[in-house]
Amino acid sequence: MPRTAVESIDWSQDIAPLLDDHHLVVLSDSADARAKFALALRHHLQSQADTSVIEIDGTQAADIPSFCKALEAQLPAREPSVPQTWWRDVHHVIDLLTRAPHERRREYLLWKDADAMLEADVATFGRLVNALFSSAAEREHVSPKPLVLERVIFTGDEKLGAYAEDTKGQFCRWLEDDNAGAPLWEVASVLERPPVIVYRIDG
């Protein structure tokens, strides 16, 4: 199960370094506390060299098409040789993340209020999480291309916390037999489970 910290922490000293090896789930029942945390963390990450941050407002991206639109608005222009797709699905999310021009060594996806999609459709949320984690693992451990460290940071309330504690959920295990973003066997052989840490912040 993901490791959980309940005490108040100094995110700049304790949380940011964890992203070297883990995806991060940040929980608080206070929307204001989550917003302040996300703003501070984004500024801290953007101050690092060779780093880009994509921020997704989960309240405006509670399904895959709207999530794709949010990504499209923030990613750099795609290479002319990469075909566009009219169908916004999980595969399109991965295509956007992996095929857009990349000039940074570290890429962070800050998904605020991710519990909005979770509440709308648990299965869709799980497929997207699985695809994001699989993409990150492939780019870090399998791809012959230059290393890009890709991490996802989720913020949310107790609904996201309950999902994080579910051993069948995609914070705890790879999604099996899923055509939409299932990990390559190489990824699963390198990482037995997604590397996720859960932190609770005061609020």
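**Reasoning about burial and salt bridges**

Student: Why is Arg 42 called partly exposed?

Tutor: In this predicted model, Arg 42 has a relative accessibility of 22%. The partly exposed class lies between under 20%, which is buried, and over 50%, which is exposed. The value for Arg 42 falls between these limits, so Arg 42 counts as partly exposed.

Student: What makes the contact of Glu 55 with Arg 42 a salt bridge?

Tutor: The nitrogen-to-oxygen distance between the two side chains is 2.9 Å. The rule asks for a side-chain nitrogen of Lys or Arg within 4 Å of a carboxyl oxygen of Asp or Glu. An Arg and a Glu at 2.9 Å satisfy that rule, so the pair is a salt bridge.

Student: Which parts of the chain does this pair tie together?

Tutor: Glu 55 belongs to strand β3 (residues 51-57) and Arg 42 to helix α2 (residues 31-46), so the salt bridge ties together parts that are 13 residues apart in sequence.

Student: How do you know that Lys 159 and Asp 115 form a salt bridge?

Tutor: Their side chains meet at 3.9 Å, N to O. The cut-off is 4 Å, so this Lys and Asp pair qualifies. The partners stand 44 residues apart, with Lys 159 in helix α7 (residues 158-165) and Asp 115 in helix α5 (residues 115-120).

Student: Is Asp 115 buried or exposed, and how do you know?

Tutor: Asp 115 has 7% relative accessibility. Buried means under 20%, so Asp 115 is buried. Lys 159, with a relative accessible area of 27%, is partly exposed.

Student: What other residue does Lys 159 meet in a salt bridge?

Tutor: The side chain of Lys 159 also meets that of Glu 119, at 3.9 Å, N to O. Lys 159 lies in helix α7 and Glu 119 in helix α5, so this pair joins parts 40 residues apart in sequence. Shared partners link Asp 115, Glu 119, Asp 157 and Lys 159 into one network of salt bridges.

Student: Why is Glu 119 called exposed?

Tutor: Glu 119 has 59% relative accessibility. Exposed means over 50%, so the term applies to Glu 119.

Student: How many salt bridges are there by this rule?

Tutor: The count comes to eight.

Student: Which residues touch the most other members of the largest nonpolar core?

Tutor: That core has 36 residues, and Phe 67, Leu 71, Trp 111, Phe 125, Phe 154, Leu 160 and Phe 171 touch the most other members. Helix α6 (residues 122-142) contributes the most, with seven residues. Another core, of 17 residues, lies apart from it and includes Ile 15 and Val 26.

Notes: Residues are numbered from 1 along each chain as its sequence is written. This is a predicted model: local features need pLDDT of at least 70, side-chain atom pairs count only at pLDDT 80 or more; totals for chains, interfaces and linings use all residues. Side-chain values use heavy atoms; hydrogens and water are left out. A nonpolar core is a set of buried Ala, Val, Leu, Ile, Met, Phe, Trp, Tyr and Cys residues joined through side-chain atoms within 4.5 Å. Buried means under 20% relative accessible area, exposed over 50%, partly exposed in between (1.4 Å probe, protein chains only). Helices (H or I, at least four residues) and strands (E, at least two) are DSSP runs, numbered from the N terminus.
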